[in-house]
Amino acid sequence: MTRPHRGGGLAASPVVPYPHGGLARHGNVPPGERLRVLLVEDDEGDAFLVGELLAETNSMIDLVVATSLSEARQRITGVDCVLLDLGLPDAQGLDGLRQVLEMSSGAAVCVLTGRSDEHLGIVAVAEGAQDYLVKGQVDGVLLTRALRYAVERKRADVNARRLREVELRQAESARLERGLLPQPLMTTDEVAVHTFYRPGRHAALIGGDFFDVVQTRPDRLYLIVGDVCGHGVDEAALGVELRVAWRALVLAGVPDDEVLPALEQVLMSERRLQEIFATVATTRLDLDANRATVRLAGHPPPLLLSGGRVVPVPAPGGLLLGVRPRRPIAYDLEFDTDDWSLLMYTDGLIEGRVGAGTERLDVPGLSGLLDEPANREVSLPELPAWLVGRAEQINGGPLADDVAMLLVSRGGGR
């Protein structure tokens, strides 16, 4: 690196040396945001020259110097770019570069070395450096531009990586959604099943709510709605496991009283934390007998729509799955007519607020919504979405938790 010329034109315009480069008034580089650059250089003369070069331009760069990697570790916080010499007392060559890249997190890294080695420069950039500069071949304008371009390239790389991570999360959520929200496995036309799912406002990604429908005989249908506590990929994956396990148990002909205890064993063996639990509601429909058997494990009860009335199914609430294993108590429900609907849902639908207070919609409030005259004009396939819209209207905004619903109807459905 050559020492800047001090004659003629520069004499009338004082140059501010390092460590505060870039304050001179004659600007060869367009000014931008102020950058903080850490120079890792053990040669005091070379460090002085870097400061001089930056002071020649209106670089808006603050220069901080470290003479070793160990000192750089202490000064790297808040730095936009690291300017690294490859010959240091405690690191040599690419080993030093790798250590700086590891410690720099979001900062750009440029190599400034006396080694004019094209192969080494290519390898350094391949390792992760934004640029490779050779001492003696850069002036103030080139150095300033290299530093600013390096910072922008680093930001572009970070943004591209974040975008890729978002795309991967969205793709992962789509795969989980296919697992959580399957197509009902049924052939009968005796009943119609309408499904609904909407993620909560906390993240537009899939949560731990799940449902499924399985027909095992021409006259028998099994339904499940469940909710794994928490939000995120782990909870959603556990929800998929529980749904698939439930479907396998039902198709295998496991006795009804043994299905939920077996499902609880799956939950307890697969959950990542002991505090993770799930709530579940299951229903067995016997179409020929026009009756249903409901089992609840800490889940809100289904709502029965029949004869113009809406009533919660009075099944025992039971314990959450994964808390204290206990067999849920079955409740037998006899349908009085061939025109009825059974609504199964997750608690995200009923946990919204009512007005500005702390009161929740809860099961009585949901029953009241279904009793509103306006819903008589809503078709059964559109009823779940209508319910969510009304719950959000009462809540004063989107519901915080995920909502999943199964609406199974026979005849007129009401």
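**Helix faces, a helix pair and a nonpolar core**

Let me begin with helix H8, residues 362-371, in which Val363, Leu366, Ser367, Leu369 and Leu370 are buried. Around the helix axis these residues cover an arc of only 155°, which puts them on the same side of H8. What do the buried residues of H8 pack against? Their partners are strand S13 (303-306), strand S14 (309-312), S16 and helix H9 (383-395).

I should say at this point that we are looking at a predicted model. The protein chain has 9 helices and 17 strands, and of its 414 residues 51% count as buried. If we take the contacts in the chain with a separation of 6 or more, residues 24 or more positions apart account for 71% of them.

Helix H4, residues 118-127, can be read in a similar way, with Leu120, Gly121 and Ala124 as its buried residues. Seen down the axis of H4, these fall within an arc of 100°, so they line one face of the helix. The face turned away from that buried side carries the exposed residues Glu118, His119, Ile122 and Ala126. The buried residues of H4 pack against helix H3 (93-104), strand S6 (108-113) and strand S7 (131-134), and after the helix comes Gly128, whose phi is positive, near 135°.

Now to a pair of helices, H6 (residues 233-251) and H7 (residues 256-270), which pack at an angle of about 150° with their axes 10 Å apart. Angles over 145 degrees count as roughly antiparallel, and H6 and H7 are therefore roughly antiparallel to each other. H6 passes H7 in a right-handed crossing. On the H6 side the contact is made by Leu238, Glu241, Leu242, Ala245, Trp246 and Leu249, while H7 brings Val259, Ala262, Leu263, Val266, Leu267 and Glu270.

Finally, the core. In soluble globular proteins, nonpolar side chains tend to be buried together. Which members of the largest nonpolar core touch the most other members? Of its 26 residues, they are Leu285, Trp340, Leu406 and Val408. The elements that give two or more residues to this core are strands S8 (192-198), S9 (209-217), S10 (220-228), S11 (278-286), S12 (291-297), S16 (340-345) and S17 (403-410). To take one residue as an example, Leu285, leaving aside residues up to four places away in sequence, touches Asp219, Arg220, Leu221, Leu223, Arg291, Ala292, Phe335, Trp340 and Val408. Strand S16, then, both gives residues to this core and is packed against by the buried residues of H8, the helix with which I began.

Note on methods. Residues are numbered from 1 along each chain as its sequence is written. This is a predicted model: local features need pLDDT of at least 70, side-chain atom pairs count only at pLDDT 80 or more; totals for chains, interfaces and linings use all residues. Side-chain values use heavy atoms; hydrogens and water are left out. Buried means under 20% relative accessible area, exposed over 50%, partly exposed in between (1.4 Å probe, protein chains only). Helices (H or I, at least four residues) and strands (E, at least two) are DSSP runs, numbered from the N terminus. The arc is that of the directions from the helix axis to the C-beta atoms. Contact means heavy atoms within 4.5 Å. A nonpolar core is a set of buried Ala, Val, Leu, Ile, Met, Phe, Trp, Tyr and Cys residues joined through side-chain atoms within 4.5 Å. Axes are lines fitted to C-alpha atoms, for helices over the stretch in contact, and angles run from 0 to 180 degrees between N-to-C directions. Angles under 35 degrees count as roughly parallel, over 145 as roughly antiparallel, 65 to 115 as roughly perpendicular and the rest as oblique. A crossing is left-handed if the near helix is turned anticlockwise from the far one by less than a right angle, and right-handed if clockwise.
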